[in-house]
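Work through the exercises below with the sequence and the coordinates side by side. Try each task before reading its solution.

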Amino acid sequence: MSDATILAGVLGLSSAIQLAREGHTVTVIARDLPGDFDIEYASPWAGSHFRPISANNASERFEQELMHETYDELKVTAERHPDSSVRFVRAVEYFDSPSPAYSDETLVKQNGYADWPDFRILDPSELPAGHDAIQLGVTYTGWVLNSPVYLAWLHRQAQGLGVRFIRARLAALEEAVFIHRESEGNHPRANIRAVINASGRGFQDPDSFPSRGQFILVSNPCSETISHHWADGSTTVIIPRPLGGGTVIGGTKEPNNWSHSISNAATETILTRAAKLCEQLVSGASNQDASGFDIKQVYIGRRPMRKGGLRLEEQTLEFQDTAEEDGLKTVSRSIPVVHCYGAGASGFKISWELGGGETSGASRGDDIV
Ligand SMILES: Cc1cc2nc3c(=O)[nH]c(=O)nc-3n(C[C@H](O)[C@H](O)[C@H](O)COP(=O)(O)OP(=O)(O)OC[C@H]3O[C@@H](n4cnc5c(N)ncnc54)[C@H](O)[C@@H]3O)c2cc1C
Ligand SMILES: *[C@@H]1O[C@H](CO)[C@@H](O)[C@H](O)[C@H]1NC(C)=O
Ligand SMILES: *[C@@H]1O[C@H](CO)[C@@H](O)[C@H](O)[C@H]1NC(C)=O
Ligand SMILES: *[C@@H]1O[C@H](CO)[C@@H](O)[C@H](O)[C@H]1NC(C)=O
């Protein structure tokens with residue numbers, strides 16, 4: 001048995017559950033916990049839906065593998081735990097100027113983009129009316145989830161497995177060692193054996209940066225999840241939020257923009273674009289404004305980006321401790337640390353990154369003993 005200390009975004013919670021299922025004693029230490037909403041806490045703001053990628057190099061193939069593991073895990077979650085909010089729905093994706101990696105039928109089989117249930121290229125007659133710019137449409141079965149509900153569900157799952165939660169803001173990751181020890185009454189055998197650093201963008205890695213996303217939550221329904229990649233490089237997404245959460249519509253993707261302010265122009269553009277992609281959104285609802293939408297919230301989230309992508313690697317965490325014998329001498333100690341941050345726009349898609357959970361009993365991930 002070993003103790004691990006981690007943080008409470010979707011990556012930290014999923015790792016905590018994974019480790020607890022393997023029999024480890026796990027403590028989560030985090031500034032934000034499920035139920036909180038803060039611009040610096042990315043997870044509750046996510047859409048959140050599945051969208052595949054084409055994998056053209058080793059790191060993309062690795063990301064794609066994580067997406068498959070997560071897809072399989074969420075399949076089991078959707079079947080066994082409807083209260084998790086995970087649902088599998090028809091997904092549709094449109095491209096105005098697709099690169100061959102997404103449009104060439106031979107390539108998409110080789111690069112894995114087509115390798116998802118019910119994937120097929122849409123017939124031109126199936127493309128939405130009035131969208132002459134769309135060159136390609138595809139469909140597949142994807143998942144959607146209601147992020148705050150799903151995080152609360154992960155929180156309950158973790159608590160049910162005996163995971164302990166401590167709310168604390170860490171000035172450095174090393175501080176986790178001491179907060180954990182103090183929480184155990186400074187018992188000399190209460191040392192943690194490994195740390196998982198799932199801190200999003202929390203400790204100012206110089207390679208980390210935010211990507212601002214302005215999204216809109218409406219009560220209007222859409223029964224499928226739709227993504228449209230426009231020629232101008234922007235993407236419109238429509239994501240139903242199960243269990244009565246309405247629909248999330250997005251959004252902007254603005255690297256290094258730290259603004260907290262809502263852009264009304266962006267809201268209008270995004271909603272106008274969405275209404276044309278899913279007519280169901282505006283066809284029947286009552287209590288709407290002039291645009292046909294019943295807006296519940298317009299918000300800004302920050303995707304935790306990192307140059308070079310997700311950092312998933314094991315290292316050693318060195319820290320300075322006080323010798324037990326005289327309470328004066330400083331001693332250097334070290335424990336393993338597993339970094340798991342910088343998931344960017346894909347945190348939910350790869351959230352079972354430490355290996356399968358309910359789907360595979362055996363540990364495939366990093367040995368933290
Ligand atoms: C608008 C929007 C839409 C998105 N849509 C999707 C989508 O459709 N699909 C998808 O897969 N992903 C989506 N994402 C991306 C996804 O939200 C992120 O990749 C994911 O939430 C990252 O999770 P995380 O656990 O790494 O970080 P976070 O959720 O930010 O969690 C970090 C944790 O570390 C803690 N922490 C940080 N610093 C400290 C500190 N100093 N002391 C103590 N604790 C600390 C925090 O309190 C928190 O508990 C979207 C993101 C946004 C903003
Ligand atoms: C893989 O390709 C992507 C997209 O072109 C690129 O951003 C990334 O840096 C590449 N990664 C490696 C390791 O070459
Ligand atoms: C933990 O992750 C952060 C990114 O949030 C990074 O800056 C930091 O270097 C990592 N901690 C250690 C001790 O390596
Ligand atoms: C950041 O976003 C805000 C709000 O939309 C906008 O006013 C501002 O011009 C943007 N800044 C940059 C540098 O793009």
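The exercises that follow treat two ligand sites, one helix, some backbone details and two buried residues.

This is a predicted model, in which local features need pLDDT of at least 70 and side-chain atom pairs count only at pLDDT 80 or more, while totals for chains, interfaces and linings use all residues. Residues are numbered from 1 along each chain as its sequence is written, chains are lettered from A and ligands numbered from 1 in the order in which they are written, and side-chain values use heavy atoms, with hydrogens and water left out.

**Exercise 1. The site of ligand 2**

Task: Identify the residues that surround ligand 2, and find how much of its area the protein buries.

Solution: Begin with the neighbours, where a residue is near a molecule if one of its heavy atoms lies within 4 Å of it; by this criterion N57, S59 and E60 surround ligand 2. Next, look for polar contacts, which are pairs of N or O atoms within 3.5 Å; within protein, one atom must be able to donate a hydrogen and the other to accept it, and residues adjacent in sequence count only if both atoms are side-chain atoms. A polar side-chain atom of N57 is 2.4 Å from an oxygen atom of ligand 2, and one of E60 is 3.1 Å from an oxygen atom of the ligand, whereas the polar side-chain atom of S59 lies 3.3 Å from a nitrogen atom of ligand 2. Finally, ligand 2 taken alone exposes 360 Å², of which the protein buries 27%; accessible areas come from the Shrake-Rupley method with a 1.4 Å probe, and for residues only the protein chains shown count as cover.

**Exercise 2. The site of ligand 3**

Task: Describe the shell around ligand 3 by residue class, and state which residues offer polar atoms to its oxygen atoms, from side chain or backbone.

Solution: The residues around ligand 3 are L173, N197, S199, G200, R201, G202, F203, Q204, D205, L317, H339 and Y341. Sorted by class, they comprise four nonpolar, six polar and two charged residues, where Ala, Val, Leu, Ile, Met, Phe, Trp, Tyr, Cys and Pro count as nonpolar, Asp, Glu, Lys and Arg as charged, and the others, Gly among them, as polar. A polar side-chain atom of N197 lies 2.3 Å from an oxygen atom of ligand 3. The backbone also takes part: an N or O backbone atom of G202 is 3.4 Å from an oxygen atom of the ligand, and a polar backbone atom of F203 is 3.0 Å from an oxygen atom of ligand 3. On its own ligand 3 has 360 Å² of accessible area, and the protein covers 80% of this.

**Exercise 3. Helix α2 and E73**

Task: Compare the span of helix α2 with the expected value, then determine whether E73 is buried or exposed.

Solution: Helices (H or I, at least four residues) and strands (E, at least two) are DSSP runs, numbered from the N terminus. Helix α2, residues 58-80, has 23 residues and reaches 34 Å from its first C-alpha to its last, close to the 33 Å expected at 1.5 Å a residue, the expected span being 1.5 Å times one less than the number of residues. Buried means under 20% relative accessible area, exposed over 50%, and partly exposed in between (1.4 Å probe, protein chains only). The buried residues of α2 include L66, M67, Y71, E73 and L74; as a set, its buried residues pack against α1 (10-21), β3 (87-95), β5 (136-144) and α5 (147-160), contact meaning heavy atoms within 4.5 Å. E73, which sits in helix α2, is buried with a relative accessible area of 0%, and its side chain makes a polar contact of 3.4 Å with the side chain of R21.

**Exercise 4. Backbone details**

Task: Locate the cis peptide bond that joins G47 and S48, and place L243, with its positive phi.

Solution: The bond between G47 and S48 is cis, with omega about 5 degrees, and S48 lies in the loop between β2 (25-30) and α2. L243 is not a glycine, yet its phi is about 65 degrees; L243 belongs to the loop between β10 (235-240) and β11 and is partly exposed, at 48% relative accessible area.

**Exercise 5. H339**

Task: Find the polar side-chain partners of H339.

Solution: H339 is in strand β15, residues 330-341, and counts as buried at 7% relative accessibility. Its side chain makes polar contacts with the side chains of N197, at 3.1 Å, and Q315, at 3.2 Å.
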